[in-house]
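Reader: I'd like to learn how to read a model like this one. Could you walk me through it, one feature at a time?

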Amino acid sequence: MAGLDLGLLAAFEAVYLERSVSQAALRLGVRQPTISAALARLRDFFADELFLRSGGAMQPTPKAVRLAPRINHVLSELRKAVDDEAPFSPDTETRVFTIVSNDYATFVLGPPIVEIMAREAPHVDLRMIAADKAEVPGLLEKGLADVAIGVFPSPPDRFVVQTLFTEHFVGVARENHPILERPITPEAFAAADHALFTTRRDASGEVDKAFLQRGLRRRISLTLPHFLALPEILARSDMVASIPSRAARFFVQSGLSVFDLPLSIPRWTLSMVWSPTTRHDPAATWLRSRILGAAQRL
């Protein structure tokens, strides 16, 4: 172990998270050659390349993937020990917070959270990352994320789940769309061409369940994985879409019209999930309180 120190482990973790030597240097507040030198020592120590450049990013080797959770655990435990001894002061704190967030949650909660950070914790860095729901428990347990925000109908019992708000769907279409010329019936809504935002690579959503209950089907003309692409697509086509109500104001700003759906669709809940091991961590407690405050103001 004589050839290994905490600085090397921190460099490994930073490159693993950022997939970039330059971004890892920024994360740790050091110069890029420092990270490059650390990688050289790490590669020599572990007798493995650890990270290889591919597709413009530093991709971990299988050995690096195996090492990552163990190294993160060591660093997390050390950080907890240090944090327990040091008071948390948002205005001087320089740590990095990582939030797992889906596209919609980032869209509506990202701006107010960033605003709060800039005002109360100007030196804190924020990382909002995407992940499959199956990955969330591991990210939280290993300390690779501080909280996760999303829809979690069956979260693991070992995590704390806090409701941020309940949400419902509304319809959206371009101004002067033919569907807006008369009262919208379920049949008229089903007959329109629909665009569906989904990250599951399928062509079915909660709206389709409501249609089936009425013996109706809709045509999904387009599926897309990026929420921000939807307003411009709707503005340039005769497609309609069903979106969460808290996102509607952004669509109105894009010149689109919002309408109530002619269907009965259950409300759903956006939640914040976190590990109970951070229950008494003042920094994590502060972060969760600010996320909750941002959600309550939407």
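Author: Sure, let's begin with a term we'll need for the sheet: two strands pair if DSSP finds at least two bridges between them. Take β5 and β12 here, which pair in the antiparallel sense over three bridges. Keep in mind that this is a predicted model.

Reader: Which residue stands opposite S271 of β12?

Author: G150 is opposite S271. S271 is also the bridge partner of T163. The strands β6 and β12 run antiparallel and are joined by seven bridges.

Reader: What holds strands together in general, and in which order do the strands of this sheet come?

Author: Strands of a sheet pair through backbone hydrogen bonds, either parallel or antiparallel. In this model, five strands make an open sheet with mixed pairing, and the order is β4-β3-β5-β12-β6. For the parallel sense, look at β3 (residues 96-101) and β5 (residues 147-150), which pair over three bridges. There, S101 has I149 of β5 as its bridge partner.

Reader: Which strands stand at the edges?

Author: Those are β4 (125-129) and β6 (160-167). Each has a single partner strand, so one side of each has no neighbour in the sheet. As for twist, neighbouring strands of this sheet are turned by 20° against each other on average, ignoring direction.

Reader: Which helix packs on the sheet, and which strands does the helix touch?

Author: That's α11 (residues 282-296), which touches β3, β5, β6 and β12 (268-274). Its direction makes about 15° with that of β6. The buried residues of α11 include W286, L287, I291 and L292. What covers them includes α5 as well as β3, β5, β6 and β12. The strand β12 is enclosed too: six of its seven residues are buried, so the rest of the structure largely surrounds this strand.

Reader: How do I check a helix length, and what caps the N-terminal end of α11?

Author: Count 1.5 Å a residue and compare with the ends. The 15 residues of α11 should span 21 Å, and the end C-alpha atoms are 21 Å apart, which agrees. The cap is D281, with a side-chain oxygen 3.1 Å from the backbone nitrogen of A283.

Reader: Let's try another helix. How far apart are the end C-alpha atoms of α1?

Author: They are 18 Å apart, in agreement with the 18 Å that its 13 residues (6-18) should span at 1.5 Å a residue. At the start of α1, a side-chain oxygen of D5 comes to within 3.0 Å of the backbone nitrogen of G7. Just after α1, R19 takes a positive phi of about 60°.

Reader: Is α1 largely enclosed or largely open?

Author: An α-helix has 3.6 residues a turn, so residues three or four places apart point the same way. In α1, ten of the 13 residues are buried, so this helix is largely enclosed by the rest of the structure. Among them are L8, F12, V15 and Y16, along with E13 and E18.

Reader: And how many residues does the largest nonpolar core have?

Author: In soluble globular proteins, nonpolar side chains tend to be buried together. Here the largest nonpolar core has 44 residues, and those with the most contacts inside it are L109, L164, L234, I243, F251 and I291. Helix α5 (residues 103-120) gives the largest share of this core, eight residues. Another core, of 24 residues, lies apart from it and includes F12, A24, L39 and F51. Back in the largest core, the residues that L109 touches include I149, L164, L270 and A294, leaving out those up to four places away in sequence.

Reader: What about loops? Is P153 buried or exposed?

Author: P153 is in the loop between β5 and β6. Exposed means over 50% relative accessible area; P153 has 70%, so it counts as exposed. For contrast, look at S237, in the loop between α9 (230-235) and β10 (240-244). S237 is buried, with a relative accessible area of 18%. Its side chain reaches the backbone nitrogen of M239 at 3.2 Å.

Reader: To finish, how many helices and strands does the protein have?

Author: Eleven helices and twelve strands. Of its 298 residues, 46% count as buried. The C-alpha atoms fill a box of roughly 75 × 40 × 35 Å along the principal axes.

Conventions. Residues are numbered from 1 along each chain as its sequence is written. This is a predicted model: local features need pLDDT of at least 70, side-chain atom pairs count only at pLDDT 80 or more; totals for chains, interfaces and linings use all residues. Side-chain values use heavy atoms; hydrogens and water are left out. A nonpolar core is a set of buried Ala, Val, Leu, Ile, Met, Phe, Trp, Tyr and Cys residues joined through side-chain atoms within 4.5 Å. Buried means under 20% relative accessible area, exposed over 50%, partly exposed in between (1.4 Å probe, protein chains only). Helices (H or I, at least four residues) and strands (E, at least two) are DSSP runs, numbered from the N terminus. Contact means heavy atoms within 4.5 Å. Axes are lines fitted to C-alpha atoms, for helices over the stretch in contact, and angles run from 0 to 180 degrees between N-to-C directions. The expected span of a helix is 1.5 Å times one less than its number of residues. A polar contact is a pair of N or O atoms within 3.5 Å; within protein, one must be able to donate a hydrogen and the other to accept it, and residues adjacent in sequence count only if both atoms are side-chain atoms.
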